[in-house]
Amino acid sequence: MLSEIPPSAEFAAQHDEPPVGPPARAHLRMRWLLMGLVGLLLMAVAWWGQRELQTSRWQARYIHAHAAKLAYQLQPGLSDRIRFPAHGPFDVRLGYVGLPQFSERLQQQRFALTEQTRFNDALLAHVDRGWFAPYDEKTQAGLTVEDCRGESFYRFRYPHRAYARFDDIPKVVWSTLLYIENRDLLDPDRPYMNPAVDWIRFARAAAGQAAQVVSDDFDTPGGSTLATQIEKYRHSPGGITQGGLEKVRQMASAAVRAYQPGERTLPARRQLVLEYLNTVPLSAAPRHGEVNGLGDGLWVWFNADFAQVNQHLSQPLGAGAQQQAQGQSLRRVVALMIAHRRPSWYLGKGRQDLEDSTSAYLRLMAQQGVISPAWRDAALGQALRFRDMRLQPPVQQTQSDKGSMLVRARLAHVLQTSLYELDRLDVKLQSTLDARMQESVSAYMAKLTQPAFARAQGLVGERMLSGNTLGEVRYSFTLIERTPQGNKVRVQTDTSGQALDINDGSKLELGSTAKLRVLTTYLELVAELHQRLSALDDAALQKQPIDARDELSRWAVQHLRQSDDRSLPTMLDAALERQFSASPDESFFTGGGLHVFGNFNRDDDSRHPTLRESLQASINLPFVRLMREVVRHVIHQTPGSTATLLGDDNDPRRREYLTRFADREGQAFVRKFWRKTEGRHTEALRDVLLDGLRPDADRLAAVFRFIEPNASVDDLRRFLDKRLNRAVNASQAAALYARYAPDAYSLPDRGYMARVHPLELWVVSYRLARPQATLSEALRDSAQQRQEVYGWLFQTRAKEARDTRIYTMLEVEAFLEIHRRWARLGYPFGSLVPSLATALGSSGDRPAALAELMGIIVNDGVRKGTRRIQTVRFAQGTPYETAFEQQASDAEQVLQPAVAHALKKALSEVVERGTARRLSGAFVLANERVLAMGGKTGTGDNRIVVKGKPVASLNRTATFVFYLGDRHFGTITAYVVGPQASRHRFTSGLPVQILRSMAPILGPHLEDAVGAERACPA
């Protein structure tokens, strides 16, 4: 054999080797043997590598073993073993990235975190390495709103259109996708295939990247499979691949996700096709936002019905118009499969390129047997017809009633996000609303525009509705249930058809409902007098110093001296039995001028009714006089009141005392107004000052020229136009501009003219000029103004004029104290009009705020928070699942129980024999028990009056705030806004009659004993 022939001695000598003997030959044979083994090993590795590339068997075993260990579990309380994603378009849209911030904001609003997932050690380590967490991701997600029983009544899903199962996808759709993107993905002969990487495609892409280093002219093909593309547009920063490491992360994460269910991946690969078709990004469109998925892409870009397209592509090719429609559907699908590579270009300016590429792919698909020549010709015979975005904008209509809109708005406010973004979060919200009752009430109110129905309900007639103007009236209704966890809103709806919540987002003059607030403050003061005086004996009571104008204190002393029963309930009953004149013949100095008031019913003018009777019949003048009595009492009883300075003008100590008083009192008011204006900027600062003013050109100009000293005449004119709701001519604006120049009046004079506290005027002006200033700086800089505001009161001048100004300022200060009391009981606005007209509703109110006051009365004087949301659950079924529950609000005793009981009894008499008597006996339960109820009516007619004559109506309202039984209370309001309000004469009898006619709808829900299976859990 050749190996046995020894080399010659000459050859060995030339190479410095000894002649080959038997040992050397053995060594050489061993070397050849090892080389052969290495070769065989390399061949085996190559064979194994080739085999692994084809089968992925080893990857399946190893990656599945790793992926199967990755787990998480939902457990009670806050988790310390969770990792939220930091980026990724889908993770951002679904709210997973923002969950830590959402959690913080919810907990600030008294939501407790009740459940959260915990990652096991393997999943923690996996995510900490930078890989994406594997789980069964949602192709459709969005906000779900449930009612108090857990029944869904609002459901938003994005994308809007999607395939539910792989089998629902027409074969030509998924085969087109695979032909363009990932041809071997569904190969049934490769059960263990790794869908995350196509090695041949990956090698080409890598070679292309390397070639680009040499020259930019080289084309670089993409190496992404569908699996890695999904990881990219879902989870990579910005939805793009920003480098090689990001590509590795996409591949590794996609592989782990594919093998987590098992080693065989065909089901996972079919799922990939489904998910890709449902979620692929297809740019964004005006009036719609981002577009994801084939279904939404067809509808947004081509105005094509998704179901119809699928029907076209699932049937054999037809003829004529049917064939044309089928060809158009196929062309659109192929176009979108191409467009996803550069969606902003292809679906925008590059539409002709898209047409050309679509035609080219259709020809190739026919050549490769993906589609038949007949289908190719049908699609080539069509042109893409895009939606006209201007004439037919892709606005997605959603089914949302007022209740769901309000709870969505509330949650969006808490999370500090928009409704658009909220709807696309993966979140479920359980509200306190009773969806069945909400639907019934909404359906009832919707029918009130129908003449026949309105007549049948007894709503058409004198001081009710007119048959030909039914459509102009809007209605709102709120029903709340008191529970141990707080007041829960069960129904909140209106017929406005707008996002504005008339119950909680408006400022309306609700007329005589203000009498309830006045009566509440009056009884509060009576209770305070009882607490201070009831323990005194007759002699001590007789010595009590009482100002001649403090009629309330004088009455309290007299009652306690004469009554055998000094208990608080007896004193409150006696307070309600006091008589006040209903005569309209007296003029009242209030708000800096003389005013007269009238009664609704002239038959009341000669009466001297008790307050109880006045509340029942809603008589105006007794409440105007009661408000005057309250104001005078506050003036003379409030500690530190300016009224204590009204004494001997000749006392030599007055100047020193006045200086100290002015500084102390002024600082208190600066602090108060500083808090009132906290967190507001230019327009909001103006509003907080001006919303309490009557719209008068002189008053508004006096304020504007002080707070905006550098403004022009045109600025003043525009300001007056907006505030007066009418055009102000140029000459009038110029005259006002000159008359109220910044140096024309002192600060006290300007405050007097505007009917606002001068220091409030100064604080607003100061904050507008120095938006970054602090309270300590304001206190330092206001020293001169504080002295000026109070010093002028005692300068020598005509006593009558001085007394007039003093009383005007005293009245302003008294209304500040009254406002503090009203605000504690839920009054929603930052100020009151300092006028006795506030007793009749001139300061405005909100139905929701009146309902809150009624809730305090029903809850024995305890103020509880009003809840519309019970629980919030994010990312259900994902590694990021987190649940919150709203905590019971802090209960605050804001009225003495005896005061609440007295008010509740008085309100029941309004139903029994007063303005709401048509409601008496309307709610009879199944056990024939009549439901106890009470309430207060109010009618508001807001008009522009010139020289005593109404020239325009702004709105007309009629409200009834009520309680039904021991647990339920609320409001019902009818209103008309705009010039058409002048055509209506309805009064508060209208909402009372509506509530009566709704008794069959509401009754079954009010007591657990009736229809217990329908009742919401308390």
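Which residues in H29 meet Phe719, Lys722 and Arg723 in H31? They are Glu683, Arg686, Asp687 and Leu690, where a contact means heavy atoms within 4.5 Å. The residues of this contact divide into two nonpolar, no polar and five charged, if Ala, Val, Leu, Ile, Met, Phe, Trp, Tyr, Cys and Pro count as nonpolar, Asp, Glu, Lys and Arg as charged, and the others, Gly among them, as polar.

Before going further, the reader should know that this is a predicted model, in which local features need pLDDT of at least 70 and side-chain atom pairs count only at pLDDT 80 or more, while totals for chains, interfaces and linings use all residues. Residues are numbered from 1 along each chain as its sequence is written, and side-chain values use heavy atoms, with hydrogens and water left out.

Helices (H or I, at least four residues) and strands (E, at least two) are DSSP runs, numbered from the N terminus. Helix H29, residues 682-690, packs against helix H31, residues 713-724, at an angle of about 55 degrees, and their axes lie 14 Å apart; axes are lines fitted to C-alpha atoms, for helices over the stretch in contact, and angles run from 0 to 180 degrees between N-to-C directions. H29 is therefore oblique to H31, since angles under 35 degrees count as roughly parallel, over 145 as roughly antiparallel, 65 to 115 as roughly perpendicular and the rest as oblique.

A second helix pair can be read in the same way. Helix H38 (residues 847-858) and helix H39 (residues 897-913) pack at about 115 degrees with axes 8 Å apart, which means that H38 is roughly perpendicular to H39. Here Met854, Ile856 and Ile857 of H38 meet Ala900, Leu903, Lys904 and Leu907 of H39, and the residues of this contact comprise six nonpolar, no polar and one charged.

Turning to the strands, an open sheet of seven strands runs in the order S1-S2-S15-S14-S7-S3-S4, with mixed pairing; two strands pair if DSSP finds at least two bridges between them. Within the sheet, strand S3 (residues 144-146) and strand S7 (residues 427-431) pair in the parallel sense over three bridges, and the bridge partner of Thr144 in S7 is Lys428.

Finally, Arg436 forms a salt bridge with Glu151, the closest N and O atoms being 2.4 Å apart; such a bridge is a side-chain nitrogen of Lys or Arg within 4 Å of a carboxyl oxygen of Asp or Glu. This pair links distant parts of the chain, with Arg436 in helix H20 (residues 435-446) and Glu151 in the loop between S3 and S4, 285 residues apart.
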